[in-house]
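I opened this entry to look up a few local features, helix by helix. My notes follow the display.

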Amino acid sequence: GMPNTLKETDWDTLLLRIKGKKCTPFLGAGACFGTLLLGSDIARDWAQEHGYPLKDCDDLARVAQFLAVKHGDWMFPKEKILDQFFTGVAPPDFTDPNEPHRILADLPIPVYMTTNYDDFMVQALRSRNKEPRRELCCWNKLVREQPSIFMSEPGFRPTVATPVVFHLHGHNEVVESLVLTEDDYLDFLVNISRDQDLLPPRIQEALTGASLLFIGYSLKDWSFRVLFRGLITSTEPSLRRISVTVQLPPASTEEQDYIDQYFNRIDLRVYWG
């Protein structure tokens, strides 16, 4: 297929969903391209610095796992990534109408999901005069006690004016919340599939009752595969609405065909571009 071939009907459906506040975007690392280093760059950097012994030195989850084991300290890679790559980073330029966070902040969206650690989505929403709330997924014991708007105000419903940015894999203000090493990903998956209540009802609603729009993920990303197996495929197929993922065109048409097939199996349309 040609790049950018989403059927007209799929676009119409998606635009209708966005208008009806029934679209939930998922932001992956690619949404911060040019502002933050990609995971593969961080992994190669660490692999070299710490003498990573295996071949796949661009796999951040694996290299982070190695650092944790080598130092005998599970917090070490989490503290290191925040300290080295997230402290004092200037946000993207939200005055640029093509900046992804800015585009999303202008849409009528009540819930934003992200696997990123940064607060750029929150900042972009503030720059558009909205009052966003930043929420964490409490996937491990150490983050169970974090304050949550869903607990403190049981009647709270995210709206376009007061949206929620929900960080599935932790964020930069709570180091214990980061999902970073391979073990973190596995624990996250196990815990979330064993205990659906780790996602507040309003967040579950945003997953099952909306079209999902994936931005800044590659199919090779662990974060993406985990999301998909753990979260999306666990919802009732009859409740699933059409969802779209925006992918950078891969190196070969063979790879593109494979990815199209992979996603079609789970009712996910791919927009290449």
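I went to the end of α6 and found that N129, just after this helix, takes a positive phi of about 60°. The model is predicted, and I read the backbone angle as a computed value.

Next I looked at α6 itself, residues 120–127. Which residues of helix α6 are buried? I noted F120, M121, V122, A124 and L125. I then asked what covers the buried residues of α6. The cover includes four strands that I could list, β1 (23–27), β2 (111–114), β3 (133–136) and β4 (164–167), and also the helix α5 (100–105).

I turned to H50 in helix α2, which spans residues 39–50. Is H50 buried or exposed? Its relative accessible area is 12%, and the cut-off for buried is under 20%, so I entered H50 as buried. Leaving out residues up to four places away in sequence, I found H50 touching F66, L67, K70, H71, F76 and K80.

Last, I checked α3 (residues 60–71) against α8 (residues 182–194). Their axes come within 7 Å and cross at roughly 110°. Angles of 65 to 115 degrees count as roughly perpendicular, so I recorded α3 and α8 as roughly perpendicular to each other. On the α3 side the contact is made by A61, R62 and Q65, and on the α8 side by E182, D183 and Y185. Sorted by class, I have three charged, two nonpolar and one polar residue in the contact of α3 with α8.

Notes: Residues are numbered from 1 along each chain as its sequence is written. This is a predicted model: local features need pLDDT of at least 70, side-chain atom pairs count only at pLDDT 80 or more; totals for chains, interfaces and linings use all residues. Side-chain values use heavy atoms; hydrogens and water are left out. Helices (H or I, at least four residues) and strands (E, at least two) are DSSP runs, numbered from the N terminus. Buried means under 20% relative accessible area, exposed over 50%, partly exposed in between (1.4 Å probe, protein chains only). Contact means heavy atoms within 4.5 Å. Axes are lines fitted to C-alpha atoms, for helices over the stretch in contact, and angles run from 0 to 180 degrees between N-to-C directions. Angles under 35 degrees count as roughly parallel, over 145 as roughly antiparallel, 65 to 115 as roughly perpendicular and the rest as oblique. Ala, Val, Leu, Ile, Met, Phe, Trp, Tyr, Cys and Pro count as nonpolar, Asp, Glu, Lys and Arg as charged, and the others, Gly among them, as polar.
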